[in-house]
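Colleague: Before I use your labels, I'd like to see what stands behind them. Take me through the model term by term, please.

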Amino acid sequence: MHELSLCQSIVELIEEQASVQAFEKVTRVCLEIGALSCVEPEALAFGFDLSTRGSVAEGATLDIVNVPATAWCFGCNRTVDIAQRGDDCPLCSSARLHVTGGEELRVKELEVV
Amino acid sequence: MCTVCGCAETGDQGHAHHHEHAHSHEHEHDHSHAHPHDHEHTHPHHHGHSHSHGHVHAHAHAHAHSHDHDHDHDHDHDHAHSHSHYHDHAHSHSHAQVHGPAGRAGAEPSLDCGAGPAGVEVAGVSQRRLVEIETNILARNDAIAEGNRQRLEADGVLALNLVSSPGSGKTTLLVDTIRRLGAEGVAVIEGDQQTANDARRIRETGVPALQVNTGKGCHLDASMVERALPQVSPPGLGLLFIENVGNLVCPAGFDLGEDAKVVILSVTEGEDKPLKYPHMFAAASLMLLSKVDLAPHVDFDMDACEAYARRINPELEILRLSATSGEGMDAWLEWIDARREALRQRALARARQHLAMLEQR
């Protein structure tokens, strides 16, 4: 259940931005969450509601953009989509893959008023 | 995605282009590289396009790098591509929106790549505005961890973050390791949700140990270690063991500033744990396959386990050991020694550099 501490980090980050960018209310928070990021979106949404209470982001909607997992395949020399770590290349079945994307855990943008 | 024009509620429905530009270059020289570049350009204009340009340079060659660029651009689109692409998309991005933080009339559009957050507004369309953040959620933890790392490395202190499931025998292994190493110059940070039992066991070996109770927390984070360090910091060139909360999931994501994560998996667990909890095995530098003295009595295929682990992390080093029989303990101590020496050399090189800088006039 480290989603809750991630949510607390998100709120800290937003509060910091609120003073830097001079906004008082956040109406939407957009996150990019990679498929390999070890985060359960549902738990994140639950933690988000709890963590934002009393903050500038209270009541904000949470948008989660899922970023697919990608890997470079040394067998077919190209980037391929994978479902999880340890998967073989979906094209050539090679096991020689290097994960290149899907670990994102980012606050992408905020909609503020 | 956008309240201004109402386009793309989510990334899925938005303008998400994934271009695979395949370039074939002929080089005059002999050696060449395969660069899996994965450029992710994020443009903070009001359409919320997410472009993922996968430039694939395919060259015949002997070695391969894997670059993972994450560029956060805030720019006007004025691409002048002079590459010949296999596909026949013609992109002509010419965005006429006003880029610039709200409330700053006449602000120049920023061309600053990957710099801090930028405000974006489409003037006259909506009072709401979008603020690009593009910040890693764990950025704060990572920054504190980096501070810990620099502090430890400057003193030549090797910090190892020991992670495993509950009950894998981390503490027993640690106690035995300290007995073999000798207590001098060693310190331990013990992470558990509750009780100071483990720190007490460690202190019996004569080593200073600080218990960090995380309460409901499922992992140690960098600030806990930052706060613990002044109380348990080992002397210069010492060794700091950080025994994380028994959990194969959450501690994987939290950098503490350690030199390496060491994951311990005992033969009384399932041999497929590397596949079940891949993040931890991907994050670790060393796997200790422990309690191997029990291997004849349990149904655990050590070779299969190692193959699973290497499948997740091809660079993972693996040692088999048993604190009870002593098997493999020497190799583990040698691994620690090699790691300490490498760290010492790095600290030395940096100190020399620093000295040279100070001597310059």
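**Chain B: helices on a sheet**

Modeller: Let's start with helix α2 (residues 170–181) of chain B, which lies across β8 (158–164), β9, β11, β12 (260–266) and β13 (286–290) of chain B and runs at about 170° to β11(B). Helix α4 (residues 222–232) of chain B packs on the sheet too, touching β9, β10 and β11 of chain B, with its direction at about 155° to that of β10(B). This is a predicted model, so local features need pLDDT of at least 70 and side-chain atom pairs count only at pLDDT 80 or more, while totals for chains, interfaces and linings use all residues. Residues are numbered from 1 along each chain as its sequence is written, chains are lettered from A and ligands numbered from 1 in the order in which they are written, and side-chain values use heavy atoms, without hydrogens or water.

Colleague: What makes something a helix or a strand here, and how many of each does chain B have?

Modeller: They are DSSP runs, numbered from the N terminus: H or I over at least four residues for a helix, E over at least two for a strand. Chain B has eight helices and 14 strands.

Colleague: What makes β9 and β11 of chain B a pair?

Modeller: Pairing takes at least two bridges found by DSSP. β9 (residues 186–192) and β11 (residues 239–243) of chain B have five, in the parallel sense, so they pair. One of the bridges takes B:Ile189 to B:Ile242 in β11(B).

Colleague: Which strands make up the whole sheet, and in what order?

Modeller: Seven strands of chain B, ordered β10-β9-β11-β8-β12-β13-β14, form an open sheet with parallel pairing. Its edges are β10 (209–213) and β14 (317–320) of chain B; each has a single partner strand, so one side of each lacks a neighbour in the sheet.

**Chain A: two helices and a strand**

Colleague: Why is α1(A) called oblique to α2(A)?

Modeller: Helices α1 (residues 3–20) and α2 (residues 41–52) of chain A pack at about 50°, with axes 8 Å apart. Axes are fitted to C-alpha atoms, for helices over the stretch in contact, and angles run from 0 to 180 degrees between N-to-C directions. Under 35 degrees is roughly parallel, over 145 roughly antiparallel, 65 to 115 roughly perpendicular, and the rest oblique. About 50° falls in the rest, so α1(A) is oblique to α2(A).

Colleague: How do you know which residues meet there?

Modeller: Contact means heavy atoms within 4.5 Å. Those of α1(A) include A:Leu4, A:Cys7 and A:Val11, and those of α2(A) include A:Leu44, A:Gly47 and A:Phe48.

Colleague: What makes β6(A) mostly covered?

Modeller: Buried means under 20% relative accessible area (over 50% is exposed, in between is partly exposed; 1.4 Å probe, protein chains only). In β6 (residues 105–112) of chain A, eight of its eight residues are buried.

Colleague: Which strands partner β6(A)?

Modeller: β1 (residues 26–34) of chain A pairs with β6(A) over seven bridges, antiparallel; A:Ile33 has A:Leu105 as its bridge partner. Six bridges also join β6(A) to β7 (residues 129–136) of chain B, again antiparallel. There A:Glu109 stands opposite B:Glu132.
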